[in-house]
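This briefing introduces the structure to a reader who has not met it before. It treats the strands, then a pair of helices, then a single residue.

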Amino acid sequence: MTLFLGIGIAGIVLLVLSLIFDGVLEGLFDGVSALDGIFDGLLSLPVIAGFVSMFGFGGAIVLGTTDLGTVPATAAGVAAGVGAGWLTWKFSKALMRDQTSVTPSGSHLVGSSGTVVTAIPATGYGEVLLRLGGQPMKFSAKSAQPVAYGTEVWVEETLSSSSVSVRPVER
């Protein structure tokens, strides 16, 4: 039973190490093209750690609670390990598919409204306060006509990552 418990603890240690040193094993074999992607699926460290720990603890549970012996305890441990490894693999695949929403960019500003915080002259730039992703941001702005401080404007186009072309809102 001590051997099975040792294997189970080794699996937990391997899991902790895989969380701390994520990607190290993959980086060791970067130059070997035959091994590309092999550590991303069923042979990833969390899957192996799940198998090893459940193999050890499953075998220890069967050995400690029954009089079946080492061979049935090993078989039960292998079955528990395969189940835990498969569940870990499926769970990690589901987590990897989870996508976040698109990061807002300057093109999302077109059609939004804002307020002039530095007057915009007819031939130059001023500043407008716009909201991007719910956050207030200042942008350089130009307009075909002069726009006074405090005027509400619409963004017609983005000129760069930090400047926009605007027109006053008509009321």
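Two strands are said to pair if DSSP finds at least two bridges between them. By that criterion, strand β4 pairs with strand β5 (residues 163-168) in the antiparallel sense, over five bridges. The model is a predicted one. The points below set out the barrel to which these strands belong, the packing of two helices, and the surroundings of Gly-77.

**The barrel**

- Five strands form a closed barrel in the order β1-β2-β3-β5-β4, and their pairing is mixed.
- From one strand to the next, the twist averages 55°.
- In general, the strands of a sheet pair through backbone hydrogen bonds, in either a parallel or an antiparallel sense.

**Strand pairs within the barrel**

- Seven bridges link strand β2 (residues 126-132) with strand β3 (residues 135-142), and this pair is antiparallel.
- Leu-130 has Met-137 of β3 as its bridge partner.
- Strand β1 (residues 113-118) and strand β4 (residues 152-158) also run antiparallel, joined by three bridges.
- Gly-114 finds its bridge partner in β4, namely Val-153.
- Val-153 in turn has a bridge partner in β5, which is Pro-168.
- The connection from β4 to β5 is a hairpin of four residues.

**Packing of helices α1 and α3**

- Helix α1 (residues 2-20) and helix α3 (residues 45-65) have axes that come within 7 Å and cross at roughly 160°.
- Angles over 145 degrees count as roughly antiparallel, and α1 is therefore roughly antiparallel to α3.
- The crossing of α1 past α3 is left-handed.
- On the α1 side, the residues making the contact include Phe-4, Leu-5, Ile-9, Ile-12 and Leu-15; on the α3 side, they include Ile-48, Val-52, Phe-55, Gly-59 and Leu-63.
- The residues of this contact comprise 16 nonpolar, six polar and no charged.

**Gly-77 and its surroundings**

- Gly-77 lies in helix α4 (residues 70-97).
- Its relative accessible area is 0%, so Gly-77 is buried.
- Gly-77 and Phe-55 are 22 residues apart along the chain, yet their C-alpha atoms are separated by 4.0 Å.
- Apart from neighbours within four places in sequence, Gly-77 is in contact with Met-54, Phe-55, Gly-58 and Gly-59.
- Phe-55 and Gly-59, both in contact with Gly-77, are also among the α3 residues that make the contact with α1.

Notes
Residues numbered from 1 in each chain as written. Predicted model: local features only at pLDDT ≥ 70, side-chain atom pairs only at ≥ 80, totals over all residues. Heavy atoms only, no water. Axes fitted to C-alpha atoms, helices over the stretch in contact; angles between N-to-C directions. Parallel < 35°, antiparallel > 145°, perpendicular 65-115°, else oblique. Left-handed = near helix turned anticlockwise from the far one by under 90°. Contact = heavy atoms within 4.5 Å. Nonpolar A, V, L, I, M, F, W, Y, C, P; charged D, E, K, R; others polar. Buried < 20%, exposed > 50% of the residue type's maximum accessible area, 1.4 Å probe, protein only.
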